[in-house]
Amino acid sequence: MPVVRDKKIEVLFSAEQIERRNRELAEEIALSDLDNPLVISVLKGSFVFAADLIRSLHRAGLSPEVEFISISSYGSGTEAGEPKVLRDIESDVTGRNVILVDDILESGGTLEYVRDLMHSRGASNVALVTLLDKRSRRKKEIEADYVGFECPDKFVVGYGMDVAHAFRELPFVGVVVGE
Ligand code: IMP
Ligand code: MG
């Protein structure tokens with residue numbers, strides 16, 4: 001079991017599994033034949049996934065533009081609260097095919113909020129992509145169009161995801177053991 005910052009990390013999804021799934025997802029997305037796609041990465045958690053996904057999309061024949069949006073969805077601790085835009089995208093999404101990328105779909109509050117925001121700004125289509133789906137935690141009626149992996153109801157770190165700003169650099173997704 002890897003040890004990072006003196007903590008044991010149980011690997012849930014290895015770097016190899018993630019890489020393979022990433023390519024599959026990009027091939028699926030490319031099949032939908034999106035014209036002039038705009039990838040919007042929801043910061044910070046999805047930046048590693050989005051960085052790999054845009055390169056897989058390139059290999060699958062797409063040429064996406066890339067944007068970032070930062071949403072605060074947490075009050076204190078790890079309970080989800082009302083989403084708020086902390087840093088907005090710079091592009092006009094009118095008439096665009098948006099590919100919204102997040103790390104985890106949990107309650108659904110974050111992706112529902114950003115999806116509705118992009119529709120209200122005139123996006124012609126918004127496809128939802130999430131690396132992990134924590135279905136058991138859903139509070140909103142929302143499903144992703146593309147899901148990397150079903151995620152157990154555990155707090156995960158790595159591959160862009162953090163706990164208290166730590167562990168984003170891990171090349172795999174795991175759970176801190178003994179917390
Ligand atoms: P939602 O609005 O409840 O769907 O929240 C999803 C967001 O919460 C994701 O974009 C993540 O940033 C964060 N999140 C949810 N679960 C975890 C986790 O297990 N580890 C790290 N971040 C998480
Ligand atoms: Mg997030």
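Trainee: In what order do the elements of the protein run from the N terminus on?

Mentor: Keep in mind that we're looking at a predicted model. It has three helices and nine strands. Read from the N terminus on, the elements go β-β-α-β-α-β-β-β-α-β-β-β.

Trainee: What is the radius of gyration of the protein, and how does that fit a globular protein of its length?

Mentor: For 179 residues the globule rule gives 16 Å. The protein comes out close to that, so it is as compact as a globular protein of that length. Its C-alpha atoms fill a box of roughly 50 × 35 × 25 Å along the principal axes. The radius of gyration you asked for is 16 Å.

Trainee: What share of the contacts between residues at least 6 apart in sequence joins residues at least 24 apart?

Mentor: Here we look just at contacts between residues at least 6 apart in sequence. The ones that join residues at least 24 apart make up 68%.

Trainee: And what percentage of the residues counts as buried?

Mentor: Let's start with the outside: the protein exposes about 9100 Å², and carbon and sulfur atoms supply 47% of that area. To count as buried, a residue needs under 20% relative accessible area. Of the 179 residues, the share that does is 49%.

Trainee: Why is strand 6 described as largely enclosed, and how many of its residues are buried?

Mentor: Strand 6 covers residues 97–105. It is largely enclosed by the rest of the structure because its buried residues number nine of nine.

Trainee: Which strand does strand 6 join by eight bridges?

Mentor: Let's look at both partners. Strand 3 (residues 37–43) runs parallel to strand 6 and is joined to it by five bridges, with leucine 38 partnered by valine 98 of strand 6. The other pairing is parallel too, and there asparagine 97 has asparagine 125 as its bridge partner. The strand with eight bridges to strand 6 is strand 7 (residues 125–133).

Trainee: Is the crossover from strand 6 to strand 7 left-handed or right-handed?

Mentor: Follow the chain out of strand 6, through helix 3 (residues 109–120), and into strand 7. That path is a β-α-β crossover, and its hand is right-handed.

Trainee: Which strands are the edge strands of the open sheet 1-2-9?

Mentor: This sheet has three strands in the order 1-2-9, with antiparallel pairing. Strand 1 pairs with strand 2 (residues 7–13) over two bridges, and valine 4 stands opposite lysine 7 there. An edge strand pairs on one side only, which picks out strand 1 (3–4) and strand 9.

Trainee: Is arginine 21 buried or exposed?

Mentor: Arginine 21 sits in helix 1 (residues 15–31). Beyond its neighbours within four places in sequence, it is in contact with Glu28, Val147, Gly148 and Phe149. Its relative accessibility is 17%, so arginine 21 counts as buried.

Trainee: Which residue's side chain does arginine 21 join through a polar contact of 2.8 Å?

Mentor: Look at the side chain of arginine 21 in helix 1. At 2.8 Å, its polar contact is with the side chain of glutamate 24.

Trainee: What is the relative accessible area of tyrosine 159?

Mentor: Tyrosine 159 lies in the loop between strand 8 (146–150) and strand 9 (173–176). Even so, tyrosine 159 is buried, and its relative accessible area is 5%.

Trainee: How far apart are the C-alpha atoms of tyrosine 159 and serine 91?

Mentor: Along the chain, the two residues are 68 residues apart. In space, their C-alpha atoms are separated by 26 Å.

Notes
Residues numbered from 1 in each chain as written. Chains lettered and ligands numbered in written order. Predicted model: local features only at pLDDT ≥ 70, side-chain atom pairs only at ≥ 80, totals over all residues. Heavy atoms only, no water. Buried < 20%, exposed > 50% of the residue type's maximum accessible area, 1.4 Å probe, protein only. Helix = DSSP H or I, 4+ residues; strand = E, 2+ residues; numbered from the N terminus. Pairing = 2+ DSSP bridges. Right-handed = clockwise from strand over helix to strand, strands pointing away. Rg over C-alpha atoms; globule rule 2.2 N^0.38 Å. Contact = heavy atoms within 4.5 Å. Areas by Shrake-Rupley, 256 points an atom, 1.4 Å probe, with all protein chains shown as cover. Polar contact = N/O pair within 3.5 Å; in protein donor to acceptor, adjacent residues only side chain to side chain.
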